[in-house]
Amino acid sequence: MKKKNKILARTIITSHVNADFDAIGAMLAVQKLYPDAVIIFPGSQEKSLRDFFISSMSYLFNMADPSMIDFSETTTLVIVDTRQKNRLTGVSKLLEKNGLHIEIYDHHPPMTEDIRANVDISKEYGATTTILSEILQEKQIALTPEEATVMALGIYEDTGLFTYSSTTQADFIQAGSLLSCGASLNTIASLVVKEIKAEQVTWLNELLNEMSVHRINGVDVNISTISSPSYITDLASIVQKIVRMENLDIFFAIVLMGSKIDIIARNRIPEVDVGKIMSELGGGGHAYAASTRIDNQTLPQVEMMLLDKLKNEVKSIQVAKTLMSSPAITIEPHASCKDAGKIMTRYNVNTLLVVDIKLNSYEGYITRQVVEKSLFHKLARQPVSEYMNSEIHFVSSDADVAEIELKIIEGKQRIIPVIDDSHIKGVITRTDLLNYLVQHNWEVSQTQAQVSQKQHTKKRHINNILENRLSTKTKDLLKAISTTGKDLGVNLYVVGGFVRDLLLDREIEDIDIVVEGDGIEFAKFFAKHQGCRVNIHKKFGTAVIVFPDNFKVDVVSARLEYYATPAALPIVEKSSIKKDLARRDFTINTLALSLNQDSFGTLIDYFGANRDLKDKTIRTLHNLSFVEDPTRVFRAIKFANRFGFNIGKVTSTLIKNAVKIDCFKHLSGLRVLSELKQILGEENPIPAIHTMESYGLEKVLNSQLLITPTTYALFESVNKTLTWHDLLYLDEEYPRWAVYFMALLNRCSYQVCEQICHRLMIPEKEKRLLLGKRYKAENRLNLIESSYPLTRQELYWGLINFKTECILYMMALTKDEAIRKAISNFYTRHRYIKPILCGKDLLVLGIKPGPVYTKILNLILNEKLDNKLETRKKEILFATQYARENKLID
């Protein structure tokens, strides 16, 4: 029955997803060649095109939904404006059909993954519609004014009103021909010459504000990275306006919309082919305009991926410091071949430099092929010095390509180090050089200009913010650190939470300094000259400078980390500031502030942290972040709750995946406990607890742990109670986190509570609080509730032995407002009531020392709780009378 309702179509016409006016015009033109054909309209996200197509011109097209077409009799498929299978929709099964005749009409350059067609008419015109307009003209096929308008729209839009570098003479000729057929310039102008709308101005300004210039192989590449919770209409036209306004040669807009990332590329120079770059990222286009869409990646990943592509594609002359990889991965001569294999696997390299660290001497190199053969021949324990290549060649960091080529190719070297003043700066591999030579068609005899490549980063000066938001003490401290850095000749940066909180205008609690060099030596030098103490942790290359007033500054050498196994603690090695920041948990924590005297107060942002602060979004730097360190899941929730931020969609998906594959099973309980304490110690952790439960993270503690509406009601009561307590401004510290933790365990069985304490490796003292003391508090509250009302004496002696956290827990737990008030009166007033007399006073009265002292003083206390014995004299009379009545004195 369903099959009878389907449309039989011998010829199908289609184009790429998110079709533009050129695709629409080209499909209409093909329909003129095949009047009985059925068009599969792939859809578009550009609102102006959808509105025009649906409301004005859809009657011109013989369209059908792919699900309503019977492809059994289809013999011909015509594809316009693309050759790439992954850009088509609804025809994947049809493409597999044997004997299918395929025709392609396209103006994009050919790619290796293109669909093979029986007829392929492709010309590098400004628009595909131009090609088909020529064919219709040759065949003398007449067009109505409406059809001519649709086709002209395609040419006008895809040539940027004849301003794009890809525009050809043929585009002008065919546009003129279509105008002679009655194409409406008014309609074209209303759709192509778009007036910018208010909401688009916002995004235009956002792109301008986030624009950074990257000097890649001597060419300035402009990149803007922004995010939007919803789709941005006419993004391509906004990008084009920016190119015109700023007169940019190359511009890439990287835009996260929802969970997908779009890249729109525009280019005016021959050194760059954005079509090729976008096609390698799964999109398409031509040399001067292209785009792509990427799923399941973070913005920093996509930006770094794009920069990697640009480094390979932008044509220029490079020098050694641009070609080299840094830091060099090395091994000592006496290390075993087995160790060499492990290092190669860990860092994913094929060659290691052999360096004698004691002598600071480069000895040679060893390759993966040699190592694997040594392992095959059971020589795993042999030192690498036995099998390394000891023919030594190296270059300095300012070497040109000709020198590098001479030493690698003629010297038959797999790898050469870049060495300045006996210090290895990095390495250049044969692959690095060959890739360069292939891309640039290099000839050694050529004269070269050495072009250095600047670091790709977003920088801006924030001295005004430093001046306005930091205390004089903090500013003076940073300047003193800067001066010490100059004296020692090292680069210094204040990083992480300090910079993040500075930009958020929050109270700054910690100062973390990163040293590009030896952080421990810097800390020792600074402490010696500032009269401070220093605590050193050699394993992690860190130190803590402790000032006389106990203020602390953390110092660390710039480092990289790798994880031997998932959830393990990281293994640390020295590195550069960029790699140090790249190891951090979230983009918002990757900001650095230069303390170097020539750039003091310069904000450095490699990974879009400033953008994410503006977007109020928590995002990871890479997709294995939570696998390597699952505690980052808890930190993401903590930061989101603390700052009122959202967790990015991709990051949220990664958290769900980490929970699904149980990344937490090998995670130390103490590390989980540490993160939980921080979350529960926040001013209001309830939203964070909700978020944790939404991801199923309570099951990390125990599979039987349930957080019910009753639990949340208790959390709310705890929050109100702690807020009340904080407003008392008492100079008493208590473990805030513990009150929430006791509430979490309130309805758990003793066995489950024991298991949770065991899983989290909770120290014995804290375990006694969460189990024994909590149970005592609950029982005491039950007793109070069942016996209420109580006298002050009864309440006092019932509560006096409980610490602050247990008192607050009982106040939160009770549902009786009168009891809550009574406990609060005890806490704020009655617990402070003490006898004026002491043991010495009783001795003066002639009472012999012993347990009776405690009894007498407690009796005095009871009287005072009842508002009696207001003076010292009355207490003496009471004690004397009691002693005489009980024959303790004569």
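Before I turn to the sheets, one definition: two strands pair if DSSP finds at least two bridges between them. With that in hand, and keeping in mind that what we are looking at is a predicted model, let me begin with the smaller topic of one mixed sheet and then go on to a parallel one, to two helix pairs and to some backbone details.

In the first sheet, 3 strands are arranged in the order β14-β15-β16, and the sheet is open, with mixed pairing. Its edges are formed by β14, which covers 330-331, and by β16, which covers 361-367, each of them pairing on one side only. If you look at β15, residues 351-356, you will find that this strand and β16 are paired in the antiparallel sense over 6 bridges, and within that pairing L353 has Y365 of β16 as its bridge partner.

The other sheet that I want to show is also open, but here 5 strands follow the order β3-β2-β5-β6-β7 and the pairing is parallel. The edge strands are β3 at 38-40 and β7 at 119-122, each pairing on one side only, and from one strand to the next the twist averages 15 degrees. Between β5, residues 76-80, and β6, residues 101-106, which run parallel, there are 5 bridges, and V78 stands opposite E103 in β6. Helix α2, residues 21-33, packs on this sheet and touches β2, β3, β5 and β6, with its direction at about 145 degrees to that of β5. Helix α5, residues 128-138, packs on the sheet as well, touching β5, β6 and β7, and its direction makes about 115 degrees with that of β6.

Now to the helix pairs, where two packed helices are described by the angle between their axes and the distance between the axes. Helix α32, residues 750-759, and helix α33, residues 764-787, have axes that come within 10 Å and cross at roughly 165 degrees; since angles over 145 degrees count as roughly antiparallel, that is the term that applies to α32 and α33. Their crossing is right-handed. On the α32 side the contact involves Y750, C753, E754 and C757, which meet K767, L771, R774 and Y775 of α33, and these residues divide into 5 nonpolar, no polar and 3 charged.

How are α27 and α31 oriented towards each other? Helix α27, residues 669-680, and helix α31, residues 736-744, pack at an angle of about 100 degrees with their axes 8 Å apart, and they are therefore roughly perpendicular to each other. L673, L676, K677 and L680 of α27 make this contact with R736, W737, Y740 and F741 of α31, a set that divides into 6 nonpolar, no polar and 2 charged.

Lastly, the backbone, where most residues other than glycine have a negative phi, and most peptide bonds are trans. The bond between Y788 and P789 is cis, with omega at about 10 degrees, and P789 lies in the loop between α33 and α34. F162, which is not a glycine, has a positive phi of about 65 degrees; this residue is in the loop between α6 and α7, and at 18% relative accessibility F162 counts as buried. K887, also a residue other than glycine, has a positive phi near 55 degrees and is found in the segment after α39, where its 76% relative accessibility makes K887 count as exposed.

Conventions. Residues are numbered from 1 along each chain as its sequence is written. This is a predicted model: local features need pLDDT of at least 70, side-chain atom pairs count only at pLDDT 80 or more; totals for chains, interfaces and linings use all residues. Side-chain values use heavy atoms; hydrogens and water are left out. Helices (H or I, at least four residues) and strands (E, at least two) are DSSP runs, numbered from the N terminus. Axes are lines fitted to C-alpha atoms, for helices over the stretch in contact, and angles run from 0 to 180 degrees between N-to-C directions. Angles under 35 degrees count as roughly parallel, over 145 as roughly antiparallel, 65 to 115 as roughly perpendicular and the rest as oblique. A crossing is left-handed if the near helix is turned anticlockwise from the far one by less than a right angle, and right-handed if clockwise. Contact means heavy atoms within 4.5 Å. Ala, Val, Leu, Ile, Met, Phe, Trp, Tyr, Cys and Pro count as nonpolar, Asp, Glu, Lys and Arg as charged, and the others, Gly among them, as polar. Buried means under 20% relative accessible area, exposed over 50%, partly exposed in between (1.4 Å probe, protein chains only).
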